[in-house]
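Dear colleague,

Please find below the structure that I am handing over to you. My notes on its strands, helices and aromatic rings follow it.

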Amino acid sequence: MKSKQKQKNGSGGLNDLMKELWEAAVALRGTIEPADYKRYVLPIIFLRFLSLRYEKRSAELAAYVREGRPGYEVGIENLDTILSNPDEYRSGGAFIIPESAKWSSIVASAQRDDIKTHLDDVLQLLEDTYPQKLRGLLPRIYAGSNLAPDSLRGLINIFSRDVFRQGHGGEDLIGRVYEYFIGEFASSEGKRGREYFTPISIVKTLVAMLEPTEGIVFDPCCGSGGMFVQSDVFTHHSHRLSFLGQESKDFTYRLCRMNLFIHGLDGDIRLGSSYTADQHAGIKADFIIANGRTAFDP
């Protein structure tokens, strides 16, 4: 039994799980084109991430108080004071989530007739609560879409699985799933509008060749931010890198910002074409990394 569990938590097991999640999500797509469908699926994953990170940090803080760790010897009777302190969450890479945005509340609301409007309201509430971090990331997209309410409920159900609460040997499952879905959506769309998705193997190769260790990493056509995420992985999350990027497509620009957010990274990512509206003119970067085909293909 232990060997089976170990195998399930290995890279092969995680790949099988992500494929299973992808196939389950695609089964709910109906007649919606992948280019449109990703706009509805990826924010759901992001909402799940925010709630999972909040739940994890809340449990950590409660454990610190119970154990009387240094700095948390406030007594269990004062636990609510700790659990309501935004700084305690920010220091752990999390945010206090409004009640209606907690995943348990989203699940409880899934059967509402107005679930699409309700989810838009949740997205709006999160942006209003954390404008500095989330402004522009979560636009109202569901009520005006032709995504069937039952399909939206199905997506909520998929990402409610207990598997997201498990450790997976230290793997950040929700981050892996987010990147996997971005790649699969790109593959299903094919090349359109001169956009290309760089396979993870190529991203890893480019980063390994460049060997970024500290300083500024700049990607003038950053797409969904895979170069930044892999650069951080290369340094074993040393936080000695800072990231500058530019992306011409509005939705991809938002994907990049969400991707960095999910991986606990900050970056100065700006919207616009590097050819015609350079947003980082005059910068001095230590590393410049990009998929050459994306940047220079006519």
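In what follows, a helix axis is a line fitted to the C-alpha atoms over the stretch in contact, and angles run from 0 to 180 degrees between N-to-C directions. Please bear in mind throughout that this is a predicted model.

I begin with a pair of helices. The axes of helix H7 (residues 115-129) and helix H9 (residues 149-158) are 9 Å apart, and the two helices pack at an angle of about 50°. H7 and H9 are therefore oblique to each other. On the H7 side the contact involves Ile 115, Lys 116 and Leu 119, which meet Pro 149, Leu 152, Arg 153 and Ile 156 of H9. By character, the residues in this contact of H7 with H9 comprise 5 nonpolar and 2 charged, with no polar ones.

The next topic is the sheet. It is open and consists of 4 strands in the order S3-S2-S1-S4, with parallel pairing. S3 and strand S4 (287-288) are at its edges with a single partner strand each, so one side of each has no neighbour in the sheet. Helix H12 (residues 226-234) packs on this sheet, where it touches S1, S2 and S3, and its direction makes about 170° with that of S2.

Taking the strand pairs in turn, S1 and S2 are parallel and share 5 bridges. Within this pair, Asp 219 has Gly 245 in S2 as its bridge partner. The connection from S1 to S2 passes through H12, and this β-α-β crossover is right-handed.

Strand S2 (residues 241-247) also pairs with strand S3 (residues 267-271), again in the parallel sense and over 5 bridges. Here Glu 247 stands opposite Leu 271 in S3. From S2 the chain reaches S3 by way of helix H13 (residues 250-262), in a β-α-β crossover that is right-handed. H13 itself lies across S2 and S3 and runs at about 170° to S3.

Strand S1 (residues 215-219) is joined to S4 by 2 bridges, and these strands run parallel. Phe 218 has Ile 288 in S4 as its bridge partner, while Val 217 stands opposite Phe 287 in S4. As general background, side chains in a regular strand alternate between the two faces of the sheet.

Finally, I turn to the aromatic rings. With ring centres required to lie within 6.5 Å, the count comes to 16 aromatic pairs. One of interest is formed by Phe 95 and Phe 261: their ring centres are 5.4 Å apart and their planes are at 20°, so the pair is stacked. Phe 95 belongs to the loop between helix H5 (86-90) and helix H6 (103-108), whereas Phe 261 is in helix H13, so this pair ties together parts that are 166 residues apart in sequence.

With kind regards

Key:
Residues numbered from 1 in each chain as written. Predicted model: local features only at pLDDT ≥ 70, side-chain atom pairs only at ≥ 80, totals over all residues. Heavy atoms only, no water. Parallel < 35°, antiparallel > 145°, perpendicular 65-115°, else oblique. Contact = heavy atoms within 4.5 Å. Nonpolar A, V, L, I, M, F, W, Y, C, P; charged D, E, K, R; others polar. Pairing = 2+ DSSP bridges. Right-handed = clockwise from strand over helix to strand, strands pointing away. Phe/Tyr/Trp six-rings, centres within 6.5 Å; stacked < 30°, edge-to-face > 60°.
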